[in-house]
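Let's take a walk through this one together. Have the viewer open and follow along as we go from the overall layout down to single residues.

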Amino acid sequence: LLGSGGLGVGAGNAEWYMENRGIFDTAGVTNVHNWWVELLVNYGLLVTTLYFMLYFYVVWNSWGILRSKVETQWKSIFFQTIYLGSIGFFLASISSSSIMAFAPIWFFWGMALSFLALDRKKDRRRQRKTMIDAKFII
């Protein structure tokens, strides 16, 4: 990461970089074996920061929805799944860097972002309806 000026060595190049330009002897082990470190080394500080922001957005908002009054049991189940799955993802990513090719994790993130977007859209609709009702009352 330091050799690239914080920009990263490019997608999938961490192993090549360790093998050909490595500073320390790794005894032939060139796989990083950590999703977070591989993300940082391959894509740099900017992309990693944006990824962390997206991750914490999902965790924070799903936790916030769970803390508020949840209207239905299904909504509670979905957001518990998103919250606990995100926490599990963080812990599971410490040991494995092969998550990029693991399709179910991308389905999970797509589901999480979709449910958060639908919940936000529903809240906006509810606020708009409240504002319209308030205008008619006045």
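What share of the contacts in the chain with a separation of 6 or more comes from residues 24 or more positions apart? The figure is 65%. Keep in mind that what you are looking at is a predicted model.

Now for the general layout. The chain has four helices and zero strands, so if you read from the N terminus on, the elements simply go α-α-α-α. The chain has 138 residues, and 26% of them count as buried.

Start at the front end. Alanine 11 sits in the segment before helix 1, which covers 14–21. With a relative accessibility of 56%, alanine 11 counts as exposed, because the cut-off for that is over 50%. Exposed or not, alanine 11 has partners from further along: leaving aside neighbours within four places in sequence, alanine 11 is in contact with Asn42 and Tyr43. You can also check the distance to glutamate 38, where the C-alpha atoms are 9.3 Å apart in space while the two residues are 27 apart in sequence.

Next, look at helix 2 and helix 3. Helix 2 spans residues 35–67 and helix 3 spans residues 73–92; their axes come within 10 Å and cross at roughly 150°. That angle makes helix 2 roughly antiparallel to helix 3. As for handedness, the crossing of helix 2 and helix 3 is left-handed. What kinds of residues make up this contact? They divide into 15 nonpolar, four polar and one charged. On the helix 2 side you'll find, among them, Trp35, Trp36, Tyr51, Tyr55, Val58 and Val59. Helix 3 brings residues including Lys75, Phe79, Tyr83, Ser86, Ile87 and Phe90.

Zoom in on tyrosine 55, which lies in helix 2. Its relative accessible area is 4%, so tyrosine 55 is buried. Setting aside residues up to four places away in sequence, tyrosine 55 touches Ser86, Ile87, Phe89, Phe90 and Trp109. For one C-alpha distance, take isoleucine 87: tyrosine 55 and isoleucine 87 are 32 residues apart along the chain, with 9.8 Å between their C-alpha atoms.

From there, hop over to serine 86 in helix 3. Is serine 86 buried or exposed? Serine 86 is at 0% relative accessibility, so it counts as buried. Not counting residues up to four places away in sequence, serine 86 touches Tyr55, Val58, Val59, Phe108 and Trp109.

Trp109 has now turned up with tyrosine 55 and with serine 86, so let's visit tryptophan 109 because it too is buried, with a relative accessible area of 9%. Tryptophan 109 is found in helix 4. Once neighbours within four places in sequence are left aside, tryptophan 109 is in contact with Tyr51, Tyr55, Val58, Ser86 and Phe89. The C-alpha atoms of tryptophan 109 and serine 86 are separated by 8.6 Å, and the two residues are 23 apart along the chain.

One last stop is the charged pair. How many salt bridges are there? The count comes to one. Aspartate 119 pairs with lysine 75, and the closest N and O atoms are 2.6 Å apart. Since aspartate 119 lies in helix 4 (residues 103–137) and lysine 75 in helix 3, the pair ties together parts that are 44 residues apart in sequence. Both ends of the bridge are tucked away, as aspartate 119 is buried and so is lysine 75. Lysine 75 should look familiar, as it is also one of the helix 3 residues that meet helix 2.

Key
Residues are numbered from 1 along each chain as its sequence is written. This is a predicted model: local features need pLDDT of at least 70, side-chain atom pairs count only at pLDDT 80 or more; totals for chains, interfaces and linings use all residues. Side-chain values use heavy atoms; hydrogens and water are left out. Axes are lines fitted to C-alpha atoms, for helices over the stretch in contact, and angles run from 0 to 180 degrees between N-to-C directions. Helices (H or I, at least four residues) and strands (E, at least two) are DSSP runs, numbered from the N terminus. Angles under 35 degrees count as roughly parallel, over 145 as roughly antiparallel, 65 to 115 as roughly perpendicular and the rest as oblique. A crossing is left-handed if the near helix is turned anticlockwise from the far one by less than a right angle, and right-handed if clockwise. Contact means heavy atoms within 4.5 Å. Ala, Val, Leu, Ile, Met, Phe, Trp, Tyr, Cys and Pro count as nonpolar, Asp, Glu, Lys and Arg as charged, and the others, Gly among them, as polar. A salt bridge is a side-chain nitrogen of Lys or Arg within 4 Å of a carboxyl oxygen of Asp or Glu. Buried means under 20% relative accessible area, exposed over 50%, partly exposed in between (1.4 Å probe, protein chains only).
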